[in-house]
Amino acid sequence: MSDTALSTPAPTGAGDFLRSATSPHFLGLEGLGGPELTELLDRSQAYRDLLDGPGIATRELEGVTVCNAFFENSTRTRVSFELVEQRLGASHVSFSAADSSTVKGETLLDTLKVIESMRVDLVVVRHPAAGAAAYLARHLEAGVINAGDGAHEHPTQGLLDLLTLRQAWRGRFEGRRIAIVGDIAHSRVARSAIHGLRALGVEVTLAGPPTLMPLGIENLGVTVAPGADEAMAGADAAMTLRIQRERMDQGLLASLSEYARIWGINARRVDLMKPEAVVMHPGPANRGVELAPDVMDGPRSVVFAQVTNGVAVRCAVLVRCAAAMGLPRKRGGA
Ligand code: CP
């Protein structure tokens, strides 16, 4: 399976979506309504409170087996899933494409069927192809959690972004506006954020190089600003996205220095926002390109709070998917 979304926006319907309390899969934020998102955020906040207090050692997933299957590099997502699986008491194992038998020609589905045959209950999958997680969900008995599929969605990132904003905005989404600046066309982070933010009533303004702005993106209920200044003026938050250096080789960007000048989030642009507005970045960041170092390390930055919230939302999602499968199983009678 190749990444079919390199030159076009990920299609709506690239995945099936968690729509009901009985679905064991968490594949995207598209289709989730405000009440479902609020419930997930409430559960996530409870884990965040534990993390800031006594710690998360609930053992809620004792007897549940999870496999983290990463076919693309990751630091934040993979480590946080592994940490919470440990803290929640699950048996867990991880592998990456480079150290798996996929390099010998085994298909994605065959590889995951092998994993499932070892009685794995949940698989956390990152893959460069849009729709890979939904494809697996259709063919596996295990619950599938999408840890990022091509340019389609990154739903746990979307949830952690929503949790971070809810904290920064003191619980109120209505009447807020966020500027999302950068490479929208290739960003699964932007796509999940847009779905979640719109469902919660947040106004979304996009800005980025025309070569990296999908045609018809307004159909997702967002507006496109002519420049970064216009997008950020008066906003309640700004989210900047990682510039993927390979886009220069594809002729979609002239140079990183030009990108930084025209689209980078710097202190002057931050001052255009409301005084309480925050700056977000999903990571990994190219310091000095999409985000100036003094902004990333400054008082408006919630970049590291986003990472901490990632631990909390991944607890909520794992427990939610396990519960939908009736896990952990009740032990036999006395
Ligand atoms: N934001 C994000 O998904 O980071 P990683 O690639 O490090 O997991």
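Which backbone atom type of Thr-75 lies 2.8 Å from an oxygen atom of the ligand? In this predicted model, where local features need pLDDT of at least 70, side-chain atom pairs count only at pLDDT 80 or more, and totals for chains, interfaces and linings use all residues, it is a backbone N or O atom of Thr-75 that lies at this distance from the ligand oxygen. Residues are numbered from 1 along each chain as its sequence is written, and side-chain values use heavy atoms, with hydrogens and water left out.

The ligand is surrounded by Ser-74, Thr-75, Arg-76, Thr-77, Arg-126, His-154, Gln-157, Pro-282 and Gly-283, a residue being counted here if one of its heavy atoms lies within 4 Å of the ligand. This shell divides into one nonpolar, six polar and two charged residues, where Ala, Val, Leu, Ile, Met, Phe, Trp, Tyr, Cys and Pro count as nonpolar, Asp, Glu, Lys and Arg as charged, and the others, Gly among them, as polar. A polar side-chain atom of Thr-77 is placed 2.6 Å from an oxygen atom of the ligand, while a polar backbone atom of Pro-282 lies 2.9 Å from a ligand nitrogen atom. Of the 260 Å² of accessible area that the ligand has on its own, the protein covers 92%, as computed by the Shrake-Rupley method with a 1.4 Å probe.

Within the shell, His-154 is found in the loop between β4 (143-149) and α5 (155-168), and its relative accessible area of 3% makes it buried (under 20%, against over 50% for exposed and in between for partly exposed, with a 1.4 Å probe and protein chains only). The side chain of His-154 makes a polar contact of 3.2 Å with the side chain of Arg-126, such a contact being a pair of N or O atoms within 3.5 Å, of which, within protein, one must be able to donate a hydrogen and the other to accept it, and residues adjacent in sequence count only if both atoms are side-chain atoms.

An open sheet of five strands has the order β7-β6-β5-β8-β9 with parallel pairing, and its edge strands, β7 (223-224) and β9 (278-280), each pair on one side only. Strands are DSSP runs (E, at least two residues), as are helices (H or I, at least four), numbered from the N terminus, and two strands pair if DSSP finds at least two bridges between them. Strand β6 (residues 203-207) is joined to β7 by two bridges, and Leu-206 stands opposite Val-224 in β7.

No disulfide (a pair of cysteine sulfur atoms within 2.5 Å) is found in the whole structure. The sulfur of Cys-67 is too far for a bond, because the closest cysteine sulfur, in Cys-321, is 15 Å away.
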